[in-house]
Amino acid sequence: MRQEFRLSGTGGQGLILAGIILAEAALLDGKLAIQSQSYGPEARGGASKSEVIISDEAIHFPKVTKPGVLLAMSQDACDKYSHDLDKDSVLITDSLFVSKVPDFGGKVYELPITHSAREGLGKILFANIIALGALVKLTGVVSAESLEKAVLNRVPKGTEDKNRKALEIGMSLIK
Amino acid sequence: MSRVLLLQGNQAVVEGAIAAGVKFFAGYPITPSTEVAESLAEKLPQVGGKFIQMEDEIASMGAVIGASLTGKKVMTATSGPGFSLKQELIGYACAAEIPLVIVNVQRVGPSTGQPTSPSQGDLMQARWGTHGDHWLIALTPASVPECFELTLRAYALSEKYRVPVILLMDEVIGHMREKIELPDDYSEFPQAERKQPDCKPEDFKAYATDESLVPAMPAFGSGYRWHVTGLVHDETGFPKGTPAATLAAANRQRAKIENNLDDIVQVENYRMEDAEFAVVAFGGGARTAYETVDMARKEGLKVGLVRPVTIWPFAEAQMKELAGKVKGILVHELNCGQYVHEVERAVNGKVPVSLYAKYDNEPATPAQLLEEVKKAMAAL
């Protein structure tokens, strides 16, 4: 089975890293994964997207053509990257930044991602990990164990506990 | 023991360079090739190598030529604007027959173009960017594991034939992260070796050759002294501009490549066994084409993919053979149409050759390419 994810937001929100972590978690589960990204020449700001395809079979074309899940962490990204959603797609938004949600016929989860990072961990920079927790709880695309391992492989030393907590918060956003 | 990693194409090039025994890198970082320089800056010192960020791409090219003369395996990496700047010294490396590897991760051009977007617009530049008749090799990987393999192969070919080898990548392959399995210990990979002279230093003639037409290349500092020049030279290495010397130099440099096309030119066939129609695509464009072929097959269309892995020298014999096997060919490239002219020349009207050129800064989707395949097949 092939599953396609598009993680989008503003440059600097850590969505390219989130895509890498999701793909590495899939490899830990013994699946195949490809991550690719598209961004403008600017280092911060500007809409940015990170795409991940996870499958049991060889993945040739590395870009998402049928997004199963779109994560939108800014209004700009939501407007720019939601054009190919259909009724089978799921949209997850960060409710702090996205107020206008497109009508594409599929399910929408408006989650307080960045708000929870600030309230629960005191820093908004954990928002990307919270989003991953929510996305994995919702889809089950990778195991919780592999996700945690993949997160801990990539985050700076000394931040492990906070990142574990960020995953927990993310998962708790999906009832 | 081995490791399963999620690496970018650019990072796999770096692993390939370390495995090949590269000990020197000089470059100037530029998107979308920057990760090559970034990772080598970290890894080269760990294997006793040197990394230098130079003032520009011209100086980088000069530095790798100099380092290669000392017997080291060397690399530089760049993208369009930097590749343009390197051209004069690429010609020097061809003329003086200096082994080295240049990575060009193509971006949209001309000029600054679009730094973060994919293109294959430097295809002809890789072959003819420097002035004058010259011969070199260019390889184009289509996956992250192949970035590793072709980097090793680039050194094998460069050292064996004493030519610059261009690793001609594109942004799709350079930036994509994909699974790759690498051994912990790289010592199992064979190290390409330069032919050494079997005469005494005082009898050494720098460009005298045996039947391989490739001269021996002792390292500077080894006791063998020789003169390196971009001027046309005879076997002593000193300038000589007679018609006979000019002809001899050009013919030998051409023949050392053209006599060995079986060794140098690699083409991959995908689902071509019973194919009636072929897509020719390479690098990032081939990633679309694999999937298009699978989609076409599901609809009962006998379509296959021919993927040049060696992009220069041109796969002349393979394309001529292909023209005898299929009813039509569609060339797909991420530019306005460059490789297609070479294919047309080789096919020489035997079967129709069409072009699907994609140059809007995004790769074609498999569905878009399938539509073009169907159009081309309907027109047969």
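This is a short chat about a helix pair, a sheet and a chain-to-chain contact in a predicted model.

Q: Before we start, what kind of model is this, and how are things numbered?
A: It's a predicted model: local features need pLDDT of at least 70, side-chain atom pairs count only at pLDDT 80 or more, and totals for chains, interfaces and linings use all residues. Residues are numbered from 1 along each chain as its sequence is written, while chains are lettered from A and ligands numbered from 1 in the order in which they are written.

Q: OK, how do α10(B) and α13(B) cross?
A: The axes of α10 (283-298) and α13 (366-378) of chain B come within 8 Å and cross at roughly 60°. Helices here are DSSP runs of H or I with at least four residues, and strands are runs of E with at least two. Axes are lines fitted to C-alpha atoms, for helices over the stretch in contact, with angles from 0 to 180 degrees between N-to-C directions.

Q: So what do you call that arrangement of α10(B) and α13(B)?
A: That crossing makes α10(B) oblique to α13(B). Under 35 degrees counts as roughly parallel, over 145 as roughly antiparallel, 65 to 115 as roughly perpendicular, and the rest as oblique.

Q: Which residues make the contact?
A: From α10(B) there are T288(B), A289(B), E291(B), T292(B), M295(B) and A296(B), and from α13(B) P366(B), L369(B), L370(B) and V373(B). Being in contact means that C-beta atoms, placed from the backbone, lie within 7 Å.

Q: Switching topic: what's the strand order in the open sheet of chain B?
A: The 5 strands run β9-β11-β10-β13-β14, with mixed pairing. Two strands pair if DSSP finds at least two bridges between them. At the edges, β9 (267-270) and β14 (353-357) of chain B each pair on one side only.

Q: And how do β10(B) and β13(B) run, parallel or antiparallel?
A: Parallel, with 4 bridges joining β10 (277-280) to β13 (328-333) in chain B. In one of those bridges, A278(B) has I329(B) as its partner in β13(B).

Q: Does α13 come back anywhere? I mean, what does α13(B) touch on the sheet?
A: α13(B) packs on the sheet and touches β10, β11 (303-308), β13 and β14 of chain B. Its direction makes about 150° with that of β13(B).

Q: How many residues of chain B are in contact with chain A?
A: 17 residues of chain B are in contact with 18 of chain A. On the chain B side, α10(B) gives the most, with 4 residues.

Q: Which strands are joined between the chains?
A: β2 (32-38) of chain A and β8(B) run antiparallel, joined by 2 bridges. Q35(A) has R177(B) as its bridge partner in β8(B).

Key: Contact = placed C-beta atoms within 7 Å.
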